[in-house]
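Colleague: I am new to this structure and would like a close look at one part of it, taken slowly and with the residues named as you go. Please show me the model first and then describe how the pieces of that part are placed against one another.

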Amino acid sequence: MTTADDTSSELTLVVNGTAHRLRLDHRTTLLDALREHLGLTGTKKGCDHGQCGACTVLVNGRRVNSCLLLAVMARGSEITTIEGLAAPDGELHPLQAAFVEHDALQCGYCTPGQICSAAAMLGEAATGWPSAASASVTGPVVLDAAEIRERMSGNLCRCGAYVNILAAITDVVREAS
């Protein structure tokens, strides 16, 4: 990172496997860097307060609310947005395909954040991270309906597609087992 002046810096963000050199105001959130500076509009701005999850992206494989993370804090990290989950040949990520198959979206506004959050959730469960709904804090994590609901509780859907979202995620979990 090169400091350009007291209010902005030049930095490189690695997004979906591509390095992007940007000059950004120090106060620019990762969400605004993605949408306004890189044109990656799949990540949505919902509440802009970290309460709805519409802006969820993966940073080094972990889910974050990109509206709460300053872009300068993400330098040196691998950032994955909804656009980066699909394979380079355009084949959808299993979660993306399941959301389509189960009609797990209505207006679709929350869908990118839901899918990114679910992708991170699968990684968390695979490494044994418990949640408040886990039967054991030391045993294997079983992604049943209650566990999935707890882990996805930070992502709000104003249309009420939760039943289909749960079904889509459950199918991906079942396929992976």
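Modeller: Strands β2 and β3 form a hairpin with two residues between them, and in that turn Asn16 has a positive phi of about 55°; please keep in mind throughout that this is a predicted model. The two strands, β2 with residues 8-15 and β3 with residues 18-25, run antiparallel and are joined by eight bridges. One pair to look for is Leu11, whose bridge partner in β3 is Leu22.

From the hairpin one can step to helix α1, residues 30-37, in which Leu30, Leu31, Ala33 and Leu34 are buried. These buried residues of α1 pack against β2 and β3, and also against β4 and β6, so the hairpin is met again from the side of this helix. Just after α1 comes Gly39, with a positive phi of about 70°. Two of the buried leucines of α1, Leu30 and Leu31, are also among the contacts of Ser66, which, leaving aside neighbours within four places in sequence, touches Thr29, Thr43, Cys55 and Val57 as well. Ser66 is found in the loop between β5 (62-65) and β6 (78-80), and because its relative accessibility is 0%, it counts as buried. A contrast is offered by Asn60, in the loop between β4 (56-59) and β5, which counts as partly exposed at 48% relative accessibility. Although Asn60 is not a glycine, its phi is positive, near 55°.

The remaining pieces to follow are three helices. Two packed helices are described by the angle between their axes and the distance between the axes.

Take first helix α3, residues 94-101, and helix α6, residues 162-176, whose axes come within 8 Å and cross at roughly 135°. An angle would have to be over 145 degrees to count as roughly antiparallel, and the crossing of α3 with α6 is therefore oblique. Its hand is right-handed. On the side of α3 the contact is made by Pro94, Leu95, Ala98, Phe99 and Glu101, and on the side of α6 by Ile165, Ala168, Ile169, Asp171 and Val172. Sorted by class, the residues of this contact are eight nonpolar, no polar and two charged.

Helix α6 also meets helix α4, residues 111-126, and here the axes come within 11 Å and cross at roughly 35°. This crossing, too, is right-handed. Gln114, Ala118, Met121 and Leu122 of α4 make the contact with Tyr162, Ile165, Ile169, Val172 and Val173 of α6. Eight of the residues in the contact of α4 with α6 are nonpolar and one is polar, while none is charged.

The third pairing, that of α3 with α4, has an angle of about 130° between axes that lie 10 Å apart, and these two helices are therefore oblique to each other. They cross in a right-handed sense. From α3 come Leu95, Gln96 and Phe99, which meet Thr111, Gln114, Ile115, Ala118, Ala119 and Leu122 in α4. By class this contact has six nonpolar and three polar residues, with no charged ones.

Reading these lists against each other links the three helices. Leu95 and Phe99 of α3 take part in the contact with α6 and meet α4 as well. On α6, Ile165, Ile169 and Val172 touch α3 and are also among the residues that touch α4. In α4, Gln114, Ala118 and Leu122 belong to the contact with α6 and to the contact with α3. It helps to recall that an α-helix has 3.6 residues a turn, so residues three or four places apart point the same way.

Two further residues help to place this group. Asp103, in the loop between α3 and α4, has a positive phi near 50° although it is not a glycine, and at 47% relative accessibility it counts as partly exposed. Glu175, by contrast, is found in helix α6 and is exposed, with a relative accessible area of 70%. The C-alpha atom of Glu175 is separated by 9.2 Å from that of Pro94, a residue 81 places away along the chain.

Definitions and conventions. Residues numbered from 1 in each chain as written. Predicted model: local features only at pLDDT ≥ 70, side-chain atom pairs only at ≥ 80, totals over all residues. Heavy atoms only, no water. Axes fitted to C-alpha atoms, helices over the stretch in contact; angles between N-to-C directions. Helix = DSSP H or I, 4+ residues; strand = E, 2+ residues; numbered from the N terminus. Parallel < 35°, antiparallel > 145°, perpendicular 65-115°, else oblique. Left-handed = near helix turned anticlockwise from the far one by under 90°. Contact = heavy atoms within 4.5 Å. Nonpolar A, V, L, I, M, F, W, Y, C, P; charged D, E, K, R; others polar. Buried < 20%, exposed > 50% of the residue type's maximum accessible area, 1.4 Å probe, protein only. Pairing = 2+ DSSP bridges.
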